[in-house]
Amino acid sequence: MSEHRVIGYVANCGKNRFFAHSGAMLVTGEAETLKSCIISRFRQKDAVDRYEFRKVRYHDVERSLDSGTSFSLDETAYNRFAETAISLGRKTEYPFPERLKRDAAGLPVITLRPRPKI
């Protein structure tokens, strides 16, 4: 699989203001899921109008992790990310952990934190 594979969608409101979950940029496998999260957070259907939605590719996540950005990925986005990572020779947990689905209150996500600088 290619590092250019689309893994999901993010929503931004302004230049560097992204919709977040648990303190990390939220990436969902489907744009509609992301829209539902925004509506749920603000309790207004027109809240999505303030956001611009864009696709996120595997290499976008890797580069952003290297520069210090954290991501919360839903099951669909995470499985796409993990499949691509594994195909590129990286070690990662796959598939999405059942414990996260079982213990979630709302949308289950897995958080990817930036790599420590050595």
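Aspartate 103 is exposed, with a relative accessible area of 59%. In this predicted model, the side chain of aspartate 103 forms a salt bridge with that of arginine 102, at 3.8 Å from N to O. Arginine 102 is likewise exposed, its relative accessible area being 60%. Salt bridges with shared partners also join Glu75, Glu98 and Lys101 into one network.

The structure holds eight salt bridges in total. Three of the pairs are listed below.

| Acidic residue | Basic residue | N to O distance |
|---|---|---|
| Glutamate 30 | Arginine 80 | 3.3 Å |
| Glutamate 93 | Arginine 99 | 3.9 Å |
| Aspartate 103 | Arginine 102 | 3.8 Å |

The side chains of glutamate 30 and arginine 80 meet in a salt bridge. This pair links distant parts of the chain, 50 residues apart: glutamate 30 belongs to the loop between strand E3 (24-27) and helix H1 (31-42), and arginine 80 to helix H3 (residues 75-87). Glutamate 30 is classed as partly exposed because its relative accessibility of 42% falls between the limits of 20% and 50%. In the pair of glutamate 93 and arginine 99, glutamate 93 is partly exposed at 39%, and arginine 99 is partly exposed at 41%.

A further site is threonine 111, in strand E6 (residues 109-112). Threonine 111 is partly exposed, with a relative accessible area of 28%. Beyond its neighbours within four places in sequence, threonine 111 is in contact with Ala24, Phe71 and Ser72. With serine 72, the threonine 111 side chain makes a side-chain polar contact of 3.4 Å. The C-alpha atoms of threonine 111 and asparagine 12 are separated by 18 Å, the two residues being 99 residues apart along the chain.

Notes. Residues numbered from 1 in each chain as written. Predicted model: local features only at pLDDT ≥ 70, side-chain atom pairs only at ≥ 80, totals over all residues. Heavy atoms only, no water. Helix = DSSP H or I, 4+ residues; strand = E, 2+ residues; numbered from the N terminus. Buried < 20%, exposed > 50% of the residue type's maximum accessible area, 1.4 Å probe, protein only. Contact = heavy atoms within 4.5 Å. Polar contact = N/O pair within 3.5 Å; in protein donor to acceptor, adjacent residues only side chain to side chain. Salt bridge = Lys/Arg side-chain N within 4 Å of Asp/Glu carboxyl O.
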